[in-house]
Amino acid sequence: MNENIVIRHYNPEDLAKLKEITVDSFGGVTLEQMIEQKLGAWNEQTWKQRKAAHIDEDCAANPAGVFVAERGGEILGYITTRIDEANARGRIPNLAVVGAARGLGLGRRLIQHALDYFRRSGMKVAQIETMAANAIGQHLYPSCGFEEVARQVHYAMKL
Ligand SMILES: CC(C)(COP(=O)(O)OP(=O)(O)OC[C@H]1O[C@@H](n2cnc3c(N)ncnc32)[C@H](O)[C@@H]1OP(=O)(O)O)[C@@H](O)C(=O)NCCC(=O)NCCS
């Protein structure tokens, strides 16, 4: 069944589904939710709305570098990328696979697809980051060839 999954270019009709997958997938692994859990709400926006807005930004910034995994017309996951031409560096801001399709190697395929796109685009370095709470990311990214470089601590306060 894995062979029936294709990875294709994003098109704007996919956006609503990518945002739906995002808000369903990122609970427990996104800074947006962690800030809200720590500080409580501070305006009318929820962490899900803020996180979904990241996908709007990604798709607007580099639509040609967003890829979608699909089986029989059903979107199962996606990856977004940015290209930094000046520094020959590609970045993967967001990646998600629907719960029912995890563990099939789709996350790995999407990452490999993004890395191939970076190479074709002349990038010399690829970057991705994950929260310390994200055990899957910390297993998957090194196994795709990424090396851990640094850990960052996030702070926030209510004003
Ligand atoms: C991260 C994510 C995209 C991976 O998708 P996926 O299709 O399940 O990924 P794959 O099947 O290619 O690989 C998952 C790997 O993690 C491993 N894994 C699964 N659960 C794990 C856990 N709790 N701890 C460590 N590794 C785990 C799997 O064994 C597999 O590794 P393997 O190929 O060496 O066996 C998916 O889990 C997801 O959408 N998570 C929520 C959103 C998210 O965290 N996005 C990334 C933000 S940085």
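The face of helix 3 turned away from its buried side carries two exposed residues, Asp56 and Ala60, where a residue is exposed if 12 or fewer other C-beta atoms lie within 10 Å of its own, buried if 20 or more do, and partly exposed in between, with C-beta atoms placed from the backbone. This is a predicted model, in which local features need pLDDT of at least 70 and side-chain atom pairs count only at pLDDT 80 or more, while totals for chains, interfaces and linings use all residues. Residues are numbered from 1 along each chain as its sequence is written. Helices (H or I, at least four residues) and strands (E, at least two) are DSSP runs, numbered from the N terminus.

Helix 3 has 15 residues and reaches 21 Å from its first C-alpha to its last, close to the 21 Å expected at 1.5 Å a residue, the expected span being 1.5 Å times one less than the number of residues. Lys51, Ala52, Ile55, Asp58 and Cys59 are the buried residues of helix 3. Seen down the axis, these buried residues fall within an arc of 105°, so they line one face of the helix; the arc is that of the directions from the helix axis to the C-beta atoms. An α-helix has 3.6 residues a turn, so residues three or four places apart point the same way. The cover over the buried residues of helix 3 includes helix 1, helix 2 (31-39), strand 3 and strand 4.

Helix 3 (47-61) also belongs to the elements that each supply at least two residues of the largest nonpolar core, together with helix 1 (15-25), strand 2 (67-71), strand 3 (74-84), strand 4 and helix 4. Such a core is a set of buried Ala, Val, Leu, Ile, Met, Phe, Trp, Tyr and Cys residues joined through C-beta atoms within 7 Å. Of its 27 residues, Phe67, Tyr78, Ile79, Leu110 and Ala114 touch the most other members, and helix 4 gives the largest share, six residues. Leaving aside neighbours within four places in sequence, Leu110 is in contact (C-beta atoms, placed from the backbone, within 7 Å) with Ile7, Phe67, Ala69, Gly77, Ile79 and Leu95.

The ligand is surrounded by 21 residues, of which Arg102, Gly107, Arg108, Ala135 and His139 come nearest; a residue is near a molecule if its C-beta atom, placed from the backbone, lies within 6 Å of it. Strand 4 (89-97), helix 4 (106-120) and helix 5 (135-143) each supply at least two residues of this shell, and helix 5 gives the most, with six residues. By type, the shell divides into ten nonpolar, nine polar and two charged residues.

Four residues outside the helices and strands are set out below.

| Residue | Place | C-beta atoms within 10 Å | Exposure |
|---|---|---|---|
| Asn134 | loop between strand 5 (125-128) and helix 5 | 16 | partly exposed |
| Ala88 | loop between strand 3 and strand 4 | 13 | partly exposed |
| Ile5 | segment before strand 1 (6-9) | 18 | partly exposed |
| Ala133 | loop between strand 5 and helix 5 | 12 | exposed |

Ala88 has phi near 50°, a positive value in a residue other than glycine. With neighbours within four places in sequence left aside, Ile5 is in contact with Ala69, Glu70, Arg71, Leu76 and Leu106, whereas Ala133 is in contact with Gly28 and Val29. Ile5 and Val68, 63 residues apart in sequence, lie 10.0 Å apart, C-alpha to C-alpha.

Definitions and conventions. Ala, Val, Leu, Ile, Met, Phe, Trp, Tyr, Cys and Pro count as nonpolar, Asp, Glu, Lys and Arg as charged, and the others, Gly among them, as polar. Two residues are in contact if their C-beta atoms, placed from the backbone, lie within 7 Å.
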